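Good morning, and thank you for making time for this presentation. I shall introduce a structure that is new to this group, and I ask you to keep it in view while I speak.

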Amino acid sequence: MNLLTLTDVWVRYGRVPAVQGLSMHVDEGQLVGLVGNNGAGKTTTLSTVTGVLRPSAGTIEFEGKEIAGQAPDRILRHGLSLVPENRRIFARLSVRENLQIGTSGRKDRAKAKEDIEEMLGRFPVLERYHDQPGANLSGGEQQQLAIARALLARPRLLLLDEPTLGLAPLIVDQVFDLLEQLKSEGVTILLVEQNAARTVSIADRVYIMRTGGRIEFEGTGDELAARGGLETAYIGF
Ligand SMILES: Nc1ncnc2c1ncn2[C@@H]1O[C@H](COP(=O)(O)OP(=O)(O)OP(=O)(O)O)[C@@H](O)[C@H]1O
Ligand SMILES: [Mg+2]
């Protein structure tokens with residue numbers, strides 16, 4: 001089933017078009033990659049899906065219902081949770097308080113509390129620093145916190161914007177391992193990444209985006225390989 005469907009979506013910054021006629025979809029239970037060069041329109045796409053930007057044309061459906069133009073908090077309540085570019089954790093709040101914010105939209109308060117404890121068990125480094133300010137964590141640790149916080153909203157769809165940017169290779173491996181693990185647990189994921197090769201290797205399907213939010217390629221890793229792989233894609237098919 002299509003969980004998220006964008007059809008002919010246009011987004012402008014003032015008069016400048018950033019995304020032009022974008023159509024894409026994410027099926028339930030899948031990990032879909034969205035890769036492309038700097039300035040292609042990836043963050044703009046995520047901002048539009050999460051209600052931060054309003055498309056000037058097109059439809060965005062979540063579980064078959066139109067969500068384009070709704071306020072971000074309303075979209076969050078439909079079950080979309082974003083790990084934003086550059087992580088953006090709350091630096092002065094403790095690790096535990098950051099996690100509590102992740103559960104703030106939930107009504108099942110008792111279960112949410114349990115889930116925080118479970119999340120601390122899942123990420124030992126967060127458990128270790130649970131009462132420390134978020135600012136004290138390293139980049140990789142902050143990324144774990146940002147992902148844990150997003151998961152605590154119990155999203156139907158987890159969106160991540162370049163979660164491995166600026167991280168050391170070993171930590172990049174950990175983040176990709178975590179994403180694979182989440183996928184195996186049935187979390188539906190839309191992953192925006194600069195690390196295209198790694199993304200292709202774990203994704204069910206990938207979109208390669210060019211400047212202007214134009215989709216250059218859409219398909220599985222095997223289909224991409226059959227057309228010459230990423231190297232060809234980046235020169236242009
Ligand atoms: N707030 C803004 N005002 C005007 N133009 C913007 C704004 N944000 C982004 N743009 C422009 O829109 C286009 C798409 O930017 P976007 O941030 O979506 O790209 P991206 O694919 O996420 O790039 P990166 O990989 O560098 O994060 C770029 O040309 C960018 O300069
Ligand atoms: Mg971006």
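Let me begin inside a sheet, with one pair of residues: valine 32 has leucine 190, in strand β8, as its bridge partner. Before going further, I should state that what you see is a predicted model.

The pair belongs to a longer match, since β3 and β8 run parallel and are paired over 5 bridges. Strand β8 covers residues 188-193, and 6 of its 6 residues are buried. Which residues point to which side of β8? Thr188, Leu190 and Val192 face one way, while Ile189, Leu191 and Glu193 face the other way. Every one of these residues is buried, Glu193 included.

Strand β8 also pairs with β7, again in the parallel sense and again over 5 bridges. Here the bridge partner of aspartate 161 is valine 192 of β8.

From β7 we may step on to β6, as these two strands run parallel and are joined by 4 bridges. Within that pairing, serine 81 has leucine 158 of β7 as its bridge partner. Strand β6 spans residues 80-83. Its residues Leu80 and Leu82 point one way, Ser81 and Val83 point the other way, and all of them are buried.

I now return to β3, residues 31-36, and follow its pairing with β9. These strands run parallel and are joined by 5 bridges. Valine 35 has isoleucine 208 of β9 as its bridge partner. Strand β9, residues 205-210, is mostly covered, with 5 of its 6 residues buried.

What is the sense of the pairing between β9 and β10? It is antiparallel, over 5 bridges, and β10 takes in residues 214-219. Methionine 209 is matched there with isoleucine 215 of β10. The two strands form a hairpin with 3 residues between them, and in this hairpin glycine 212 takes a positive phi near 90°.

Positive phi values bring me to two residues that are not glycines. The first case I shall take is arginine 154, whose phi is about 50°. Arginine 154 sits in the loop between α6, residues 139-151, and β7, residues 157-161. The second case is glutamate 162, where phi is likewise positive, near 50°. Glutamate 162 lies in the loop between β7 and α7, the latter being residues 169-184.

Are these two residues buried or exposed? Arginine 154 counts as partly exposed because it has 17 C-beta neighbours inside 10 Å. Glutamate 162 has 21 such neighbours inside 10 Å, and therefore counts as buried.

Let us turn to a further sheet. It is an open sheet of 4 strands in the order β2-β1-β4-β5, with antiparallel pairing. Its edge strands are β2 and β5, residues 65-66, each of which pairs on one side only. Strand β4, residues 57-62, is paired with β5 over 2 bridges in the antiparallel sense. In this pairing, glutamate 61 stands opposite glutamate 66 of β5. Helix α1 lies across β1, β2 and β4, and runs at about 70° to β2.

Helix α1 also leads us to ligand 1. Which element gives the most residues to the shell around this ligand? It is α1, with 3 residues. Both β2, residues 16-27, and α1, residues 42-49, supply at least two residues of the shell. The residues around ligand 1 include Tyr13, Val16, Ala18, Asn38, Lys42, Thr43, Thr44 and Gln194. Taken by class, the shell holds 4 nonpolar, 7 polar and 1 charged residues.

My final topic is a pair of helices. In general, two packed helices are described by the angle between their axes and by the distance between those axes. For α3, residues 95-102, and α6, the angle is about 35° and the axes are 7 Å apart. Their crossing is right-handed. On the side of α3 the contact is made by Val95, Asn98, Leu99, Ile101 and Gly102, and on the side of α6 by Leu145, Ala148, Arg149 and Ala150. The residues of this contact divide into 6 nonpolar, 2 polar and 1 charged.

To close, I would recall β8, which pairs in the parallel sense with β3 and with β7, and whose 6 residues are buried. Thank you for your attention.

Note on methods:
Residues are numbered from 1 along each chain as its sequence is written. Chains are lettered from A and ligands numbered from 1 in the order in which they are written. This is a predicted model: local features need pLDDT of at least 70, side-chain atom pairs count only at pLDDT 80 or more; totals for chains, interfaces and linings use all residues. A residue is buried if 20 or more other C-beta atoms lie within 10 Å of its own, exposed if 12 or fewer, and partly exposed in between; C-beta atoms are placed from the backbone. Two strands pair if DSSP finds at least two bridges between them. A residue is near a molecule or strand if its C-beta atom, placed from the backbone, lies within 6 Å of it. Ala, Val, Leu, Ile, Met, Phe, Trp, Tyr, Cys and Pro count as nonpolar, Asp, Glu, Lys and Arg as charged, and the others, Gly among them, as polar. Two residues are in contact if their C-beta atoms, placed from the backbone, lie within 7 Å. Axes are lines fitted to C-alpha atoms, for helices over the stretch in contact, and angles run from 0 to 180 degrees between N-to-C directions. A crossing is left-handed if the near helix is turned anticlockwise from the far one by less than a right angle, and right-handed if clockwise.
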